[in-house]
Amino acid sequence: MIELFLRALPLLQQAVLVTLGLGFAAFFLGCALGLLIALARISPYRPLRWFGFCYVSVFRGTPLLIQLLLIYFGLPSYVIVIAPIPSALLALTLFAAAYLSENFRSGISGVDKGQWEAAWSMGMGYWKTMLRVVLPQAVRIALPPMGSRLVGLMKDTSLASTVTVVELTRVAEQIGSTTFRYLEMFLVVGAIYCFINQVLTILQAWIEAHLSRRYQ
């Protein structure tokens, strides 16, 4: 087992960087897109609300694997060819944005209406109130489910192996196919995923505690 791990270590190191890069990039891009979708869903304009509703329904209602395969294998039928890593990043971002938009929407809804009224009484407009008063509190409320989504995204990066992205799962498959020691390799990769997500969970708990102290 140790000998196999040492043999695979150079490939695993590169794969960890790819996995972390995909996970974090998809999360932050998904946060940006998800916030826009959340704002669309609470917009007073019906077309924007319908767009947000349809987006969330489609991307939450279909498997991430299908979305990834449609982007990588389906779009070339329409002369749109996207490389493996950008395909995986696009699919993960669009998928994450649907869930993160709901986190943001629930966070915004959780802010007391008195905060809006107090800001408007001070002469703040809608967007100024949203950016300076509502969103900081909404992010604090939405932080726990957002942290869970980041952990989920790190695990979802394993699906990128289906479009030849050389991340952790792909490395385990490659080394397993040459050594026929699939069990050991997938145990090693599973342990790496578990370690990454435990670190993220601890970091999330620290951020939550820090924000709670500041809020109090």
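The legends below describe an overview and several close-up views of a predicted model.

**Figure 1. Overview of the protein chain.** The predicted model contains 8 helices and 0 strands. From the N terminus on, the order of elements is α-α-α-α-α-α-α-α. The C-alpha trace extends over about 70 × 50 × 20 Å along its principal axes. The chain has 216 residues, of which 42% count as buried. When contacts between residues at least 6 apart in sequence are considered, 73% of them join residues at least 24 apart.

**Figure 2. Packing of helix 3 against helix 4.** Helix 3 covers residues 64-74 and helix 4 covers residues 84-110. Their axes lie 9 Å apart and make an angle of about 140°. The two helices are therefore oblique to each other, and helix 3 passes helix 4 in a right-handed crossing. On the helix 3 side, the contact is formed by Leu64, Gln67, Leu68, Ile71 and Tyr72. These residues meet Pro84, Ser87, Ala88, Leu90, Ala91, Leu92, Leu94 and Phe95 in helix 4. By class, the residues of this contact are 11 nonpolar, 2 polar and no charged.

**Figure 3. The buried face of helix 3.** Leu64, Gln67, Leu68, Ile71 and Tyr72 are the buried residues of helix 3. Viewed down the helix axis, the buried residues of helix 3 fall within an arc of 115°, so they line one face of the helix. An α-helix has 3.6 residues a turn, so residues three or four places apart point the same way. The cover over the buried residues of helix 3 includes helix 2 (46-61), helix 4 and helix 6 (126-156). Each of Leu64, Gln67, Leu68, Ile71 and Tyr72 also takes part in the contact with helix 4.

**Figure 4. Packing of helix 4 against helix 6.** The axes of helix 4 and helix 6 are 8 Å apart, at an angle of about 140°. Helix 4 passes helix 6 in a right-handed crossing. Helix 4 contributes Leu92, Phe95, Ala96, Tyr99, Leu100, Asn103, Phe104, Gly107, Ile108 and Gly110 to the contact. From helix 6 come Met130, Val134, Leu135, Ala138, Val139, Ile141, Ala142, Pro145, Met146, Arg149, Leu153 and Asp156. The contact of helix 4 with helix 6 has 17 nonpolar, 3 polar and 2 charged residues.

**Figure 5. Surroundings of methionine 146.** Methionine 146 belongs to helix 6. Its relative accessible area is 7%, so methionine 146 is buried. Apart from neighbours within four places in sequence, methionine 146 is in contact with Phe27, Cys31, Leu100, Asn103 and Phe104. Of these partners, Leu100, Asn103 and Phe104 are among the helix 4 residues that make the contact with helix 6. Between methionine 146 and alanine 96 the C-alpha to C-alpha distance is 9.8 Å, with their positions 50 residues apart in sequence.

**Figure 6. Positive phi at valine 79 and phenylalanine 180.** Valine 79 is not a glycine, yet has a positive phi of about 60°. Valine 79 sits in the loop between helix 3 and helix 4 and counts as exposed, at 75% relative accessibility. Phenylalanine 180, likewise not a glycine, has a positive phi of about 60°. The loop that holds phenylalanine 180 runs between helix 7 (168-179) and helix 8 (182-215). With a relative accessible area of 68%, phenylalanine 180 is exposed.

Technical notes:
Residues numbered from 1 in each chain as written. Predicted model: local features only at pLDDT ≥ 70, side-chain atom pairs only at ≥ 80, totals over all residues. Heavy atoms only, no water. Axes fitted to C-alpha atoms, helices over the stretch in contact; angles between N-to-C directions. Parallel < 35°, antiparallel > 145°, perpendicular 65-115°, else oblique. Left-handed = near helix turned anticlockwise from the far one by under 90°. Contact = heavy atoms within 4.5 Å. Nonpolar A, V, L, I, M, F, W, Y, C, P; charged D, E, K, R; others polar. Buried < 20%, exposed > 50% of the residue type's maximum accessible area, 1.4 Å probe, protein only. Arc of directions from axis to C-beta.
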